Amino acid sequence: MRSANPVLDRLDDVGRTERQVLGVGAVESMTVADVVSRTVGLLLLTGVTAAIAWVVVPQAWWISAALAGSALASLALVLFISLKQVTNPPLIAAYAVLQGLLLGVASRAFELIYPGIVAQAVIGTFGVFLGMALLYRARIVRASPRLARLVLGTLLGIVAIGLVNLVTYLLTGRQGLEIYSLTARVGWLPYVFSVVAIIAGAFSFVLDFDLVERSARARLPRRYAWYCAFGLLVGLIFLYWQILRLLSYVRR
């Protein structure tokens, strides 16, 4: 069974090949605790960078260009790390820093218009994450091939539609399923799109928890704990953006 998170999707195949080449026991194996500690470290790095960007970076005319550049750089890093199964901590840390810059500046813009929205989005993000962790731990929600196909297909569709929507907005100024203006009126379709994205992001964690757990049991090399932590960070950031956007719709 594969993970619904594209970052972790090919981890099983890569780990199996590496074990065949190096042999089981040739390198130190990863544990779930390794993934947890690295995920917490990356979250702290992202949070500290976001806090610094919030305070230091001014809301100037060039901010939009800087945010676009940071977003493109972050996307490039995600694709590179995902496709190459990179386990290099400095490169993964660079992604956390770029996302922290993006989160800090953009979140401040939301906060200036909708006071309190950032705290609500953070609480909502970690609330969903912990809730899915508890449901998975209690085996109330189980990973299955059917769930994996459904969530993966939904997430890929969301990403594809989002990219088309963004390009259309940049070229024509027209907004569709995702509203980029912080004050524009919102129809019912963007609400539905955001809710579906949040649900898909939440259920992707169940499949990621399962893959991390199985990878630890399969004794993958310890360096893959960085790769798993990176995948969970990507999922958390995706969920935060969706919740932040939905809350802004409700507050308008």
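Is Thr46 buried or exposed? At 5% relative accessibility, Thr46 counts as buried. The model behind this answer is predicted.

## Overall fold

The protein has eight helices and zero strands. Along the sequence the pattern runs α-α-α-α-α-α-α-α. The chain holds 252 residues, and buried residues make up 45% of them. Its accessible surface is about 12700 Å². Carbon and sulfur atoms account for 70% of that surface.

How are the contacts spread along the sequence? Take the contacts between residues at least 6 apart in sequence: 86% of them join residues at least 24 apart.

## Helix α2 and Thr46

Helix α2 has 25 residues. From first C-alpha to last it reaches 36 Å, close to the 36 Å expected at 1.5 Å a residue. Its buried residues are Asp34, Val35, Arg38, Thr39, Leu42, Thr46, Thr49, Ala50 and Ala53. An α-helix has 3.6 residues a turn, so residues three or four places apart point the same way. The cover over the buried residues of α2 includes α4 (89-113), α7 and α8.

Thr46 sits in α2. Because buried means under 20% relative accessible area, its 5% places Thr46 in that class. Which residues does Thr46 contact, leaving aside neighbours within four places in sequence? They are Ala96, Gln99, Gly100, Leu103 and Leu233.

## The loop before α2

Ser29 lies in the loop between α1 (11-22) and α2. Ser29 is buried, at a relative accessible area of 15%. Not counting residues up to four places away in sequence, Ser29 touches Asp34, Arg219, Leu220, Pro221 and Arg222. Of these contacts, Asp34 is among the buried residues of α2, and Arg219 follows α7. The phi of Arg219 is positive, near 60°.

Tyr224 belongs to helix α8. It counts as buried at 2% relative accessibility. The C-alpha atoms of Tyr224 and Met30 are separated by 6.9 Å. Along the chain these two residues are 194 residues apart.

## Leu77 in α3

Where is Leu77 found? Helix α3, residues 63-84, holds Leu77. Leu77 has a relative accessible area of 14%, so this residue is buried.

Its contacts, not counting residues up to four places away in sequence, are Leu91, Ala94, Tyr95 and Leu98. Leu77 and Leu98 are 21 residues apart along the chain. Their C-alpha atoms are separated by 9.6 Å.

## Helix α7

Does the span of α7 agree or disagree with its number of residues? It agrees: at 1.5 Å a residue, the 30 residues of α7 should span 44 Å, and the end C-alpha atoms are 45 Å apart. Helix α7 also takes part in covering the buried residues of α2.

## Arg139 and Ile161

Arg139 lies in the loop between α5 and α6 (145-172). Its phi is positive, about 60°, although Arg139 is not a glycine. How much of Arg139 is accessible? Its relative accessible area is 33%, so Arg139 is partly exposed.

Ile161 has its place in helix α6. At 38% relative accessibility, Ile161 counts as partly exposed. Leaving aside neighbours within four places in sequence, Ile161 is in contact with Leu177 and Phe193. Ile161 and Leu177 are 16 residues apart in sequence. In space they are 8.1 Å apart, C-alpha to C-alpha.

## The second largest pocket

Rolling a probe the size of a water molecule over the atoms shows where empty space is left. The second largest pocket has a volume of about 430 Å³. How many residues line this pocket? The lining has 18 residues. Val32, Val36, Phe129, Ala133 and Phe209 lie nearest the centre of the pocket.

Four elements give two or more residues to the lining: α2 (32-56), α5 (117-137), α7 (188-217) and α8 (224-251). Helices α7 and α8 thus appear in two roles in this report. They contribute to the lining of the pocket, and they help cover the buried residues of α2. By residue class, the lining of the second largest pocket divides into 14 nonpolar, one polar and three charged.

Terms used. Residues are numbered from 1 along each chain as its sequence is written. This is a predicted model: local features need pLDDT of at least 70, side-chain atom pairs count only at pLDDT 80 or more; totals for chains, interfaces and linings use all residues. Side-chain values use heavy atoms; hydrogens and water are left out. On a 1 Å grid over the protein atoms alone, a cavity is a set of points where a 1.4 Å probe fits but cannot get out, and a pocket is an open set with protein on both sides within 12 Å along at least five of seven lines; lining residues have an atom within 4 Å of a point. Grid points are joined across faces, edges and corners, and a volume is the space filled by probe spheres set on the points. Ala, Val, Leu, Ile, Met, Phe, Trp, Tyr, Cys and Pro count as nonpolar, Asp, Glu, Lys and Arg as charged, and the others, Gly among them, as polar. The expected span of a helix is 1.5 Å times one less than its number of residues. Buried means under 20% relative accessible area, exposed over 50%, partly exposed in between (1.4 Å probe, protein chains only). Contact means heavy atoms within 4.5 Å. Accessible areas come from the Shrake-Rupley method with a 1.4 Å probe; for residues, only the protein chains shown count as cover.
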